[in-house]
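User: Please take a close look at a single strand of this model and its surroundings. I would like one connected account of its pairing, its burial and the aromatic rings around it.

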Amino acid sequence: RSRSSISRATCAFSSSWAAGALWIIHGIASGDVTATSVVIWARANRVAQMVVEYTPPPAVAWPPLRQDGPLVEARDDFTGKVVLQGLTPGSRYVYWVRFTAPGEGLDVVSETGQFRTTPAGGAARPLSLVWWGDLGGGLYCRDPERGYAIFTQMARVMPDFAIANGD
């Protein structure tokens with residue numbers, strides 16, 4: 001096969017992948033947390049409507065609270081942002097992001113994320129953190145089946161924040 005026929009085949013595959021399945025790429029993220037609000041970000045691989053669903057644990061409410069987000073498009077790099085407001089200070093929430101392809105009946109739901117709102121103004125509470133660095137060093141990288149074992153241990157601490165230092 002010539003190099004140009006391989007390029008055409010690759011482009012055709014890439015185009016069909018982008019136009020076919022709906023994916024959440026780069027995971028989900030939360031930040032800019034206050035006592036009563038948080039910003040949730042996510043990115044799809046193509047045009048889709050973003051929705052954030054969330055609930056306080058441990059008694060997960062069903063149906064969850066729901067906040068409609070933007071229609072993500074190429075001009076936004078298919079990235080959306082939703083601000084959740086009216087949250088309870090000093091509380092933990094779990095959330096997930098749903099993208100739906102308009103008019104196609106396709107949707108995809110992210111893994112579950114979590115955040116904790118800050119205490120009400122002037123209130124203080126102890127904070128916990130985890131810190132790590134150089135995960136891929138020493139010619140050892142993550143186990144392809146289980147990932148980095150240290151992350152399971154860090155998650156058990158349920159830290160208020162995490163610091164990644166190094167590669």
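Analyst: Two strands are said to pair if DSSP finds at least two bridges between them, and the strands themselves are DSSP runs (E, at least two residues) numbered from the N terminus. The model is a predicted one, in which local features need pLDDT of at least 70 and side-chain atom pairs count only at pLDDT 80 or more, while totals for chains, interfaces and linings use all residues. Residues are numbered from 1 along each chain as its sequence is written, and side-chain values use heavy atoms, with hydrogens and water left out.

The strand chosen here is S6, residues 92–101. Seven bridges join S3 to S6, and these two strands run antiparallel; within this pairing, Met50 has Phe99 of S6 as its bridge partner. Phe99 also stands opposite Val108 in S7, a strand of residues 106–109 that is joined to S6 by four bridges, again in the antiparallel sense. S6 and S7 form a hairpin with four residues between them, and Gly103 in the turn has a positive phi of about 75°. A further antiparallel pairing, of four bridges, joins S6 to strand S8, residues 113–116, where Arg116 is the bridge partner of Arg92.

As for burial (buried means under 20% relative accessible area, exposed over 50% and partly exposed in between, with a 1.4 Å probe and protein chains only), S6 is mostly covered, since seven of its 10 residues are buried. Trp96, which lies in S6, counts as buried because its relative accessible area is 11%.

Turning to the rings, those of Phe, Tyr and Trp (its six-membered ring) pair if their centres lie within 6.5 Å, and planes under 30 degrees apart count as stacked, over 60 as edge-to-face and the rest as tilted. The structure holds five aromatic pairs. In one of them the rings of Trp62 and Trp96 have their centres 6.3 Å apart and their planes at 15°, so the pair is stacked. This pair links distant parts of the chain, 34 residues apart, with Trp62 in the loop between strand S3 (48–55) and strand S4 (65–72) and Trp96 in S6. Trp62 counts as exposed because its relative accessibility is 67%, whereas Trp96 is buried at 11%. Ring pairs also link Tyr54, Tyr93, Tyr95 and Phe115 into a cluster.
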